[in-house]
Amino acid sequence: MNKRTAHRWRLLALMLTAVFFAFGSFWLLQAIQAEDPAQVGNNLSEPDYIVENFSFVRMTENGVPRYVMSGERLAHRPDNDVSEVTKPVVESIAPGRPRMSMHAERGHIYHRENRVELMGNVDIARPATPNSEALRAKTEALTVLADDEIVKTNRPVKMTLGASSVDAVGLVAENPTQKLHLGGRGTIVYPPRQRGAPNQ
């Protein structure tokens, strides 16, 4: 009877040892997978920082403010160096230029290219100047080339320029020269000439 009991105790000890090593192997495998560079790399797709109600100023090489960007929320992703922005506002404040402002529902900042993509109910406004009429335009997507102070889209655009209105597909607006380029077919509506106005 004692021999049987001793044998059972030895068998139980062997089984417990086997279970211990099995759990130890499982833990070691999990630890190795956690240190796997491929798996660690997947975390780069997650934001490395998030800023609420942010605002920053982009400067020129001479230290002069070029534009201000603000928004409700900014989340930066390190894998592609792109920031996702909620309710972005971009304002061009370069000296000697009319102040152009752009609002949208969301946007992406491509930091390496200094390019901003605005999406959803994009609203562009530029006040009148001695050399140009006030501009207001609405579209669904807009590319902002901040360094060149150029905005462009290939989407349908509804625009007012002074008292005139324009419906077009595609737009390029150059803030330094205050020039507009419309692409595709469109419609331009001029206000009626006032009676008695001199012919030009």
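**Salt bridges, rings and a cavity in a predicted fold**

At a relative accessibility of 45%, R99 counts as partly exposed, and this residue offers a convenient way into the structure, which is a predicted model. The partner of R99 is E91, with which R99 forms a salt bridge whose closest N and O atoms are 3.6 Å apart. E91 is likewise assigned to the partly exposed class, its relative accessibility being 24%. This contact is one of nine salt bridges that the structure holds.

Before the other contacts are followed, the overall arrangement deserves a look. The protein has two helices and twelve strands, and, read along the sequence, these elements follow the pattern α-α-β-β-β-β-β-β-β-β-β-β-β-β, so that both helices precede the strands. Of the 200 residues in the protein, 29% are buried.

What joins R136 to D123? The side chains of these two residues meet in a salt bridge, with a distance of 2.7 Å from N to O. The pair links distant parts of the chain, for R136 belongs to strand 8 (residues 135-145) and D123 to strand 7 (residues 115-126), with their positions 13 residues apart in sequence. The two ends of the bridge fall into separate accessibility classes, because R136, at 40% relative accessibility, counts as partly exposed, whereas D123, with a relative accessible area of 17%, is buried. Salt bridges can also share partners, and in this way E113, R115 and E117 are joined into one network. Within that network, E113 forms a salt bridge with R115 in which the closest N and O atoms are 2.8 Å apart.

R115 repays a second look, since its relative accessible area of 18% places it among the buried residues, for which the limit is under 20%. R115 also lies over the face of Y110, at 4.1 Å from the ring centre. The residue thus takes part in a salt bridge with E113 and has a place over the ring of Y110.

Aromatic contacts between rings come next. The structure holds one aromatic pair, and it is formed by F54 and F56, which are stacked, with 6.1 Å from centre to centre and 20° between the planes. The pair counts as stacked because that angle falls under the 30 degrees set for this class. Are the two members of the pair buried or partly exposed? F54 counts as buried, at 8% relative accessibility, while F56, at 27%, counts as partly exposed.

The interior contains an enclosed space as well. A search of the whole structure finds one cavity of 30 Å³ or more, and about 100 Å³ of space lies in the largest cavity. Which residues line the largest cavity? The lining consists of Y67, V90, S92, M100, M102, V144, L145, A146, E149, I150, V151 and N175. Two or more of the lining residues are given by each of strand 4 (89-92), strand 5 (100-103), strand 8 and strand 9 (150-161). By residue class, the lining divides into nine nonpolar residues, two polar residues and one charged residue.

One member of that lining, N175, has its place in the loop between strand 10 (164-174) and strand 11 (179-182). Although it sits in a loop, N175 counts as buried, because its relative accessibility is 2%. N175 and V151 are 24 residues apart in sequence, and their C-alpha atoms are 8.2 Å apart in space; V151 too belongs to the lining of the largest cavity. The C-alpha atom of N175 is also separated by 7.4 Å from that of P98, which stands 77 residues away along the chain. P98 itself lies in the loop between strand 4 and strand 5, and with a relative accessibility of 9% this proline counts as buried.

A further loop residue completes the tour. Where does D79 lie? D79 is found in the loop between strand 2 (65-77) and strand 3 (82-86), and its relative accessibility of 41% is the reason why D79 counts as partly exposed. D79 and E46, 33 residues apart in sequence, have C-alpha atoms that are 8.4 Å apart in space. The loop residues N175 and P98 are thus buried, whereas D79 is partly exposed.

Terms used
Residues are numbered from 1 along each chain as its sequence is written. This is a predicted model: local features need pLDDT of at least 70, side-chain atom pairs count only at pLDDT 80 or more; totals for chains, interfaces and linings use all residues. Side-chain values use heavy atoms; hydrogens and water are left out. A salt bridge is a side-chain nitrogen of Lys or Arg within 4 Å of a carboxyl oxygen of Asp or Glu. Buried means under 20% relative accessible area, exposed over 50%, partly exposed in between (1.4 Å probe, protein chains only). Helices (H or I, at least four residues) and strands (E, at least two) are DSSP runs, numbered from the N terminus. Rings of Phe, Tyr and Trp (its six-membered ring) pair if their centres lie within 6.5 Å; planes under 30 degrees apart count as stacked, over 60 as edge-to-face and the rest as tilted. A charge sits over a ring if NZ of Lys or CZ of Arg is within 6 Å of the ring centre and within 35 degrees of the ring normal. On a 1 Å grid over the protein atoms alone, a cavity is a set of points where a 1.4 Å probe fits but cannot get out, and a pocket is an open set with protein on both sides within 12 Å along at least five of seven lines; lining residues have an atom within 4 Å of a point. Grid points are joined across faces, edges and corners, and a volume is the space filled by probe spheres set on the points. Ala, Val, Leu, Ile, Met, Phe, Trp, Tyr, Cys and Pro count as nonpolar, Asp, Glu, Lys and Arg as charged, and the others, Gly among them, as polar.
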